[in-house]
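Thanks for making time this morning. I would like to walk through one structure with you, going from the overall fold to a few side chains, and please stop me if a term is unclear.

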Amino acid sequence: MSDSTSRSHAIGDSKVPQKLQEKLPQGIEEAVPNSIHDTGAGKASSHATGNSAVPKIAQEAVPKKAEEVLPEKVHPTN
């Protein structure tokens, strides 16, 4: 479980206040049901924040850390 990163790990809707999201460790955020705080945990998802040259099925099959090592021009995650 990683420490707080001063940012939310939500990729969708959240009912958790933003300030609290920013203080919680990622593991805690992922333990909350996606219907309350959607981190995508437990389901295949892409972590791209824009248009990606990587096929969607590949994006959903690899872990976030694998997506993050790709150049931003190819697969933006920031």
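**From fold to side chains**

If we follow the protein chain from the N terminus on, its elements run α-α-α-α. Put as a count, that is four helices and zero strands. The radius of gyration is 13 Å, close to the 12 Å that the globule rule gives for 78 residues, so the chain is as compact as a globular protein of that length. I should say early on that what you see is a predicted model, and that the values I quote are computed from it.

To put some dimensions on the picture, the C-alpha trace of the protein chain spans about 35 × 20 × 20 Å along its principal axes. How much of the protein chain counts as buried? The figure is 23% of the 78 residues. As for the outside, the accessible surface of the protein chain comes to about 5,300 Å², and 57% of this belongs to carbon and sulfur atoms. We can also ask about contacts along the sequence: among those in the protein chain with a separation of 6 or more, 32% are accounted for by residues 24 or more positions apart.

Let me turn now to charge. The protein chain carries 9 positive and 10 negative side chains, and if you take the centre of each set, the two centres lie 3 Å apart.

How many salt bridges does a search of the whole structure find? It finds two, and I will take them in turn.

In one of them, Lys-56 pairs with Glu-60, with the closest N and O atoms 3.9 Å apart, which falls within the 4 Å cut-off for a salt bridge. Because Lys-56 and Glu-60 are four residues apart in helix α3, which covers residues 56–61, about one helical turn separates them. Lys-56 counts as exposed, since its relative accessibility is 51% and the cut-off for exposed is over 50%. Its partner Glu-60, with a relative accessible area of 31%, is partly exposed.

In the other, the side chains of Lys-64 and Glu-68 meet, again at 3.9 Å from N to O. Both residues lie in helix α4, residues 64–68, and they too are four residues apart, about one turn of the helix. Here Glu-68 is partly exposed at 38% relative accessibility, and Lys-64 is also partly exposed, at 24%.

To close, please keep two things in mind as you look again: the α-α-α-α order of the elements, and the two salt bridges found in the whole structure.

Terms used. Residues are numbered from 1 along each chain as its sequence is written. This is a predicted model: local features need pLDDT of at least 70, side-chain atom pairs count only at pLDDT 80 or more; totals for chains, interfaces and linings use all residues. Side-chain values use heavy atoms; hydrogens and water are left out. The radius of gyration is taken over C-alpha atoms; the globule rule is 2.2 Å times the number of residues to the power 0.38. Buried means under 20% relative accessible area, exposed over 50%, partly exposed in between (1.4 Å probe, protein chains only). Contact means heavy atoms within 4.5 Å. Accessible areas come from the Shrake-Rupley method with a 1.4 Å probe; for residues, only the protein chains shown count as cover. Lys and Arg count as positive and Asp and Glu as negative; His and the chain ends are not counted. The place of a charge is taken as NZ of Lys, CZ of Arg, CG of Asp or CD of Glu.
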